[in-house]
Amino acid sequence: MNFKRCVKFYLSGRLTADFLFFLKLTILYFVPLSYKYLTIKGGVVMENYQAIDFRVMQENAAKLIGSDWMLITAGNSRSFNTMTASWGGLGHLWNKDVAFIFVRPQRYTLQFIECEEIFTLSFFDRMFRPALQTCGSQSGRDGDKVAQAGLTPIETTGGSVSFAEARMFLECRKLYGEYLKPEAFTDRSILASVYPQSDFHKLYIGEVVHFYFNTASHF
């Protein structure tokens, strides 16, 4: 956990609900208590997953993310959050295989990404579409949306979180993070159509450090 970054983030003007969340998160990391919402109970670990070379993945990124959707997850077995996303990409940058994601400032998951070095991207078969709809429409601030979605969180070998139902997932190490700047848009129509409230996404670029596929799924 990047403690200094979390202190700066939570004291940047949000001294109400987010500051209370920061106090809770601090306790979770340094005091052996259980969080009442998103935790991994019973020591669920990775099963049926095999690590393979990311470059052998035979997937169309536009379909995989834009059409099939994904879950962005950050945190650890004691406290985490996840969100559904359909914007992002996969590629190669700075001599590394990378994934890039976009998270709006009001999303609860952003706070977990800020405090962790690793995030995961999980991909599912079509039958789990309702689960992803639930994770995209409910907030982890309000309850255990993972349980509502019928998903089973698992602890990854890197200490992060994915889901037993995922057909594959990526573990990504943060390399870069920055909010999109309105003055940088060359197509100004996007500002009015996508950001009427000026809630610009934060872009994260992460190095793909592990790629796992579920041997029990139809990969």
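**Exercise 1. How much of the protein counts as buried?** Of the 219 residues of the protein, what percentage count as buried?

*Solution.* Before starting, note that this is a predicted model, where local features need pLDDT of at least 70, side-chain atom pairs count only at pLDDT 80 or more, and totals for chains, interfaces and linings use all residues. Residues are numbered from 1 along each chain as its sequence is written, and side-chain values use heavy atoms, with hydrogens and water left out.

Step 1: get the cut-offs straight. Buried means under 20% relative accessible area, exposed means over 50%, and partly exposed is in between (1.4 Å probe, protein chains only).

Step 2: apply them to the 219 residues, and 48% come out as buried.

Step 3: now look at the surface. The accessible surface of the protein is about 11000 Å², and 55% of that belongs to carbon and sulfur atoms. These areas come from the Shrake-Rupley method with a 1.4 Å probe; for residues, only the protein chains shown count as cover.

**Exercise 2. Take a salt bridge apart.** Find what Asp97 pairs with, and work out which parts of the chain the pair ties together.

*Solution.* Step 1: know what you're hunting for, a side-chain nitrogen of Lys or Arg within 4 Å of a carboxyl oxygen of Asp or Glu. Searching the whole structure turns up eight salt bridges.

Step 2: pick out the pair. Asp97 meets Arg55, with 3.2 Å from N to O.

Step 3: place both ends. Asp97 sits in strand 5 (residues 96–103) and Arg55 in the loop between strand 1 (49–51) and helix 3 (61–67), so the bridge ties together parts that are 42 residues apart in sequence. Helices (H or I, at least four residues) and strands (E, at least two) are DSSP runs, numbered from the N terminus.

Step 4: check accessibility. Asp97 is buried at 19%, whereas Arg55 is exposed at 58%.

**Exercise 3. Try another pair.** Which residue forms a salt bridge with Asp199, and are the two ends buried or exposed?

*Solution.* Step 1: the partner is Arg104, and the closest N and O atoms are 3.0 Å apart.

Step 2: Asp199 is in the loop between helix 7 (189–194) and strand 10 (202–214), while Arg104 is in the loop between strand 5 and helix 4 (108–115), so this pair links parts 95 residues apart in sequence.

Step 3: Asp199 is buried, at 13%, and Arg104 is buried too, at 19%.

**Exercise 4. Explore the nonpolar cores.** Which residues have the most contacts inside the largest nonpolar core?

*Solution.* Step 1: a nonpolar core is a set of buried Ala, Val, Leu, Ile, Met, Phe, Trp, Tyr and Cys residues joined through side-chain atoms within 4.5 Å.

Step 2: the largest one has 26 residues, and those with the most contacts inside it are Met70, Ile72, Ile101, Val103, Leu121, Phe123 and Leu170.

Step 3: see where they come from. Elements giving two or more residues include helix 3, strand 2 (70–76), strand 5 and strand 9 (168–179).

Step 4: don't miss the other core, which lies apart from this one and has 18 residues, among them Tyr49, Trp69, Ala131 and Ala149.

**Exercise 5. Count the disulfides.** How many disulfides does the structure hold?

*Solution.* Step 1: look for a pair of cysteine sulfur atoms within 2.5 Å.

Step 2: the count is zero.

Step 3: check two cysteines anyway. Cys135 is buried, at 0% relative accessibility, and Cys172 is buried with a relative accessible area of 0%.
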